[in-house]
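Thank you all for making the time this morning. I would like to walk you through one structure, beginning with a single small detail and then stepping back to the wider arrangement.

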Amino acid sequence: MDENYKLLKDVVGFSYVIGSYQRGYRWDEVNVRELLEDIFEDKLVEDYRFSKNDYMDENEVITELNSKVRDTEYCLQPLVLKKNDNGYSVIDGQQRLTTLYIIMKALCSVSDKKFPIKFSIEYKSREKSKEFLQTLSEDSEASNIDAAYILQAYCFAKEWFLKRNKAFIDLLDENFVECDENRLVSAFATYLYKILLEKTKFIWDEIDESSADMNKKEQKIFADRNTGRLELTDSELIKSLFMNPEYYGKEEVNLKDRQTLISEIWDIYENELHNDELWKFLPISATVRVEYELLTRIDAIFLLLTKKNRIERNQYEENSLFKAVKQWIDNKIEEHQGTEEDIDLASAAVMVAAWREVCDLFDGIKELFDNNELYNLLSLYKMIEADDSKVLGKYLEVLEAAKNARTEIVKEAVCELLFAGGIAKKVKDVRYPDLDIIRKILVAHNVAITNSSNPINRFGFHFFDEITGKWDIEHIYSTNEGYIEKAPLEEKVKLLEIFSEPDNNIYKGYIEALYDVDIDELQGETEDKEFADQCFKNAKDRYRKEFDIWRYFKLKEFTRDLLFKYNVSAKITEILSSEHFDTAANDFLHDEEYDDQDVCVLFRSDYLYWDNKLEAEYQRLIDVSPLPSSILWHGVDIKVADPSGFWAEDAEEKNIQPNFIRNYYRDLLNIVYDNTGISAQDLSFGNHGKKKKNIVDDTSRDKIKAFLIGTKFRIEEKIREFFKKDESINPSDYSLGTQTNYDTLAAFINDNSMGNMMLLPVSINRAGKYRDVNFSGKRKFVVDKGTVFLPIATSNVLMGKYIDLETSTEQWLMNERKEYIMDMISSMSKYYGKE
């Protein structure tokens, strides 16, 4: 064979050393697969009919198989080496050489046949790398990034060989070849191993006395041969630059020590940057982070270095970062050569200073990262400042400042960006759905609480993962109030009582705190309907001050009406259970609270209707023969007028229902009032006599009892209707300038201010079980998810810090919201130093 080529069998038997100036092992599954397929693809018979099925042994099978494949060799790219005392230093080609070693180890692991691997590889930048390769198996533990790539390549190669073994055995089964399977697998592995050693070759490029590169140092050869090649990343070329002996001059006696130190620090920085929390803390854009995330992350440090020193680079040019750093170094050397007599000394001084600047930049950022308070503040600033160059500038400004002044610099920057008009004003003014500002305020609040603790803890910015993607802004009191429909009536009434208290109304206190207004002063004006309507119409945003004040007064009207219904229901319950029903009912029907000038208020039109119980009874009796002359209504037989028409199949329902109700209430009016002289035709709610002194007697008792039972039933039905999920109305459903009344309590206490906002993980906030539960249910659901990170302010809300135990109905009501929003303002004002 040409001396410029060497088969793999001629390459083994030596020790190979990969210098610390070179890149670590970085081949992924794609690279390994391509190499395996290039070496073996034309040596594998995947669809073959064997000539017989009674071979003497497995060797005959392999012999026949071998005779059917092409006798070709696969040539790898050059292996550039330089002879040393114990073997060779690999200058280029170490990725392929290492991968071949890994492939041989994987092949040994898939059969009983153990092949000798007669060469070794050692990465000088990785302690014990030689031993790691020699003992490589699926159980190996990767302690650094090189080892992780090596282990990944090994596992993939092993899986690839196992699949080929199975394909080979399946092929024999299809041909009914009877041989011992284990022995066949071993023979097949031997066949593949032979291909690897005897059919795979390198272009052998050894630097010897006849080579033009003989007098160059290894690092110089490496840099010269790799500059501009796609195989190396910018950072790997930059590393070679700092390791290049040409830059240090002939008098550098400690060059090897310096190279070793740079290589060790380089690895430390690279490993540190694979801490995702630190990686996300770097003042780089999301685009840059994605670009370098899966590569050598140290590139990002040199990118920051170029921006810090205002080094121009064409980002679309190949290896632009390396070229920019090299130009920066060359320019500095040129400047120093005018002041240094010795060119070598000038160059060495620049390289030492340049490397120190790299270290200072990384160590400075790491120092900021390790300081919990600065980490929290700078992460917040980085979140709210959209200009990446300003973020880097702020990091550098903080690094250059005295340590006792650093936090104040960032606090001032946060306030300037987020709270220019004052913290209290911003918090009170902002409304959902201004998600971006709400999110930033909530995070700023969490940072203020966290940084005010002792000791100062670390806020979990790294859990946010580009904060808008993994975190939701959640209404504490949900706008999806399906749970109210399921709540006990007593709980609903408690809500109404809280909102309707005239002197100590918690909603009133919240509105006054939120808008700095005096509700009592507005009371007289807002009783004027035109003024109240104008408040609503003038609201430029339905989530702003005018709308909320209008809603407050509408809530008072709403609760007053609904509570009246509830009180009527409670009173009727008391009467029906009384031992003295006649007296209690008579007093009730004479009570001025339930009376007006025209007619008893219980005879309201929304209480008098054809209800579902009456409909069910009607449908039950319609086919009865003979036709009934009465219908059972709440336990009482009520006479029907014109039974033949009432029960007729062709009778129109629209006539049946109003006729029955009208006739029933005419009878009722005659019981309650002395209607002597008023004909039935003229009798109506507005035309009746004086109320009788004794309304309830033996003849009227059952009908009055039925009336009270029916009234109670319908009132409670009306109360419940206010809380039905499918009738709940959001403010966003309304068009501005259109006067609309609310239909549900849920609609009234929906709130889009900061007092009703918190941060929650998407995994919780969008969970099906979570969405239709009350505040108590939310608390339990979230707390049960104990493994999920919760912002401290969210924890305070859910753990009951702001709950008013005296008025609590396990809801997030106005007292709680007021306390929360006041605490938000207070804690941020105190920490950031701005009102």
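**A serine in a loop, and the sheet**

Let me begin with S140, whose side chain has a polar atom lying 3.0 Å from the backbone nitrogen of S137, and let me say at once that this is a predicted model. If you look for S140 along the chain, you will find it in the loop between α5, residues 129-134, and α6, residues 145-174. Is S140 buried or exposed? It is buried, because its relative accessible area is 15%, and the cut-off for that word is under 20%. Once we leave aside the neighbours within four places in sequence, the residues in contact with S140 are F132, T135 and L151.

Now let me turn to the sheet, which is an open one made of 6 strands, in the order β1-β6-β3-β4-β2-β5, with mixed pairing. At its edges are β1, residues 5-7, and β5, residues 120-123, each of which pairs on one side only. On average, and with direction ignored, neighbouring strands of this sheet are turned by 40° against each other.

Staying with β5, we can see that it pairs with β2, residues 15-18, in the parallel sense over 4 bridges, and that E122 in β5 is the bridge partner of V17.

Finally, the helices: α4, residues 94-109, lies across β2, β3, β4, β5 and β6, and runs at about 130° to β5. Helix α7, residues 181-198, lies across β1 and β6, and its direction is at about 30° to β6.

Note on methods: Residues are numbered from 1 along each chain as its sequence is written. This is a predicted model: local features need pLDDT of at least 70, side-chain atom pairs count only at pLDDT 80 or more; totals for chains, interfaces and linings use all residues. Side-chain values use heavy atoms; hydrogens and water are left out. Two strands pair if DSSP finds at least two bridges between them. Helices (H or I, at least four residues) and strands (E, at least two) are DSSP runs, numbered from the N terminus. Axes are lines fitted to C-alpha atoms, for helices over the stretch in contact, and angles run from 0 to 180 degrees between N-to-C directions. Contact means heavy atoms within 4.5 Å. Buried means under 20% relative accessible area, exposed over 50%, partly exposed in between (1.4 Å probe, protein chains only). A polar contact is a pair of N or O atoms within 3.5 Å; within protein, one must be able to donate a hydrogen and the other to accept it, and residues adjacent in sequence count only if both atoms are side-chain atoms.
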